[in-house]
Amino acid sequence: MEDFRKQHGETVLIARKSSRGATRIPVRQARPPIQWKYWLRYGVAFTLVAGVIGCGAYLDQVETSPMFPILHVTVDGDFSHVDRKALVEAVTPYAIGGIMSVNVAKLREAGEAIPWVKEIQVKRVWPDSLHLVVEEHHAIALWGQDGLMNDEGKLFFPTKASFPDGLVKLTGPKDSSREVVEQYSEVSRLVATLGLSVKEVEMNERRAWTIKLSNGMNVMLGRTDSEQRLQRFATTYKKLLQPYQEDITAVDMRYTNGLSVAWVAGHKHDFNGTI
C-alpha cells in the first residue's frame, strides 16, 4: 500500500489499494469554534438600534395621535389685574394637537398679548393638560396719556380703568422711555433729601426737562447740564426757597449763574438772596 499525504491546512487524502483499484477518502479537519461573543455583540447593537427606531416612531405617533388631545388648561401666578378667564379664552385656540405637538410659542404669544401679562411659562402635564404660570407687569409709572411703565422700563398699554392710583407720570418722545426713567430715578434720590417727591418728569420734543414736585412746584432744567442745574436747585431750595414753597409755582434753572421764580398770583415776596 502506498500512502501519500497532502497537507496545506485544508484536507488530508490517503490513497489505498483495493481489489477495485485506488480509492480516495477525504478526511476533514475539525471546524473552528463559533465566535459567540462576536455574534452577541452585533446582536445587542442591532436590538438597540431597532429599539431607538421603534421609540421614535412611537413618540411621533403620540405627538399627532388624537388619543392624547389637550383637554385642560390651568392658570397659576401672583397677579391682580390679569383676568384668568380672558387669558384661558385667548390661548385656547392654540391649545390644539397632541400634548407634545402643541405650538407652545404661539400659545405663549397669544397669552402675552393681554396687556397686563408680562410673561407666561407653559408646562405640559401628562397626559392631557397644559399649566400656565403667569407673571404680571409691576407698574411703577404712568407713561404719557395712555400707557404704563413696568419696573424694567418697558411700556405696556392696558385700559385706563385698570391704571393704579398714585403713580408718578413720565412723558417723553418716542423711544425715550429708558432715558426718562433713569432721569426720574436720579431726581427722586436728590429731592428725597429735601423732604419732597416727584410727581411728574417730562422730556419734551426738544429734549428739555421739566420736573413737577410733590409741593406743586415745577422745576425747569432745560436741555443741557440737567444734573448740575438740579443740584443747584437743591442748594437754593434749602438756603432760600423752602420757606416760600407754597407761594411758588415754578423755578427756572436755565440760567448760567442764577434762577427765576414764578409766584402764585398775589403772593410775590420781596427778598434778596445769594445763591
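**Figure 1. Trp-116 and Phe-156, two buried rings in a predicted model.** Let's start inside: Trp-116 is buried, and Phe-156 is buried too. Keep in mind that everything shown here comes from a predicted model. Altogether, the structure holds three aromatic pairs, and here is one of them. The ring centres of Trp-116 and Phe-156 sit 5.0 Å apart with the planes at 65°, and planes over 60 degrees apart count as edge-to-face, so that is the label this pair gets. The two rings come from distant parts of the chain, 40 residues apart. Trp-116 belongs to the loop between helix H3 (104-112) and strand S4 (117-125), while Phe-156 is in strand S8 (residues 155-156).

**Figure 2. Phe-233 and Tyr-237, a tilted pair.** This aromatic pair has 5.8 Å from centre to centre and 40° between the planes. How far apart in helix H5 are Phe-233 and Tyr-237? They are four residues apart in H5 (residues 226-241), so about one helical turn separates them. Phe-233 has 1% relative accessibility and therefore counts as buried. Tyr-237 is also at 1%, so the label "buried" goes to Tyr-237 as well.

**Figure 3. Strand S7 and the side chains on its two faces.** In a regular strand, side chains alternate between the two faces of the sheet. Look along S7 (residues 147-150): Gly-147 and Met-149 point one way, and Leu-148 and Asn-150 point the other way. Are these four buried or exposed? All of them are buried.

**Figure 4. S7 and its partners, S6 and S8.** S7 pairs with strand S6 (residues 139-143) in the antiparallel sense, over four bridges. To find one of these spots, look for Ala-139, whose bridge partner in S7 is Asn-150. S6 and S7 make a hairpin with three residues between the strands, and there Gly-144 takes a positive phi near 60°. S7 also pairs with S8 in the antiparallel sense, this time over two bridges. Here Leu-148 stands opposite Phe-156, the Phe-156 whose ring pairs with that of Trp-116. S7 and S8 form a hairpin as well, with four residues between them. In that turn, Gly-153 has a positive phi of about 80°.

**Figure 5. The largest nonpolar core.** This core has 31 residues. Which residues have the most contacts inside it? They are Leu-170, Val-198, Val-201, Ile-211 and Phe-233. Plenty of elements chip in: S6, strand S9 (168-171), helix H4 (177-192), strand S10 (198-203), strand S11 (209-213), strand S12 (218-222), H5 and strand S13 (248-252) each supply at least two residues. H4 gives the largest share, six residues.

**Figure 6. Ile-211 and its contacts.** Set aside the neighbours within four places in sequence, and Ile-211 is still in contact with Val-187, Val-198, Glu-200, Val-201, Met-217, Asn-218, Val-219 and Leu-221. Val-198 and Val-201 are also on the list of residues with the most contacts inside the largest core.

**Figure 7. A second core.** Separate from the largest one, this core has 24 residues, including Phe-79, Ile-99, Val-102 and Val-134.

**Figure 8. Zooming back out.** The protein's secondary structure comes to five helices and 14 strands. Of its 275 residues, 32% are buried. Among contacts with a separation of 6 or more, 44% join residues 24 or more positions apart. The protein exposes about 18700 Å², and carbon and sulfur atoms supply 52% of that.

Notes:
Residues numbered from 1 in each chain as written. Predicted model: local features only at pLDDT ≥ 70, side-chain atom pairs only at ≥ 80, totals over all residues. Heavy atoms only, no water. Phe/Tyr/Trp six-rings, centres within 6.5 Å; stacked < 30°, edge-to-face > 60°. Buried < 20%, exposed > 50% of the residue type's maximum accessible area, 1.4 Å probe, protein only. Pairing = 2+ DSSP bridges. Core = buried A, V, L, I, M, F, W, Y, C linked by side-chain atoms within 4.5 Å. Contact = heavy atoms within 4.5 Å. Areas by Shrake-Rupley, 256 points an atom, 1.4 Å probe, with all protein chains shown as cover.
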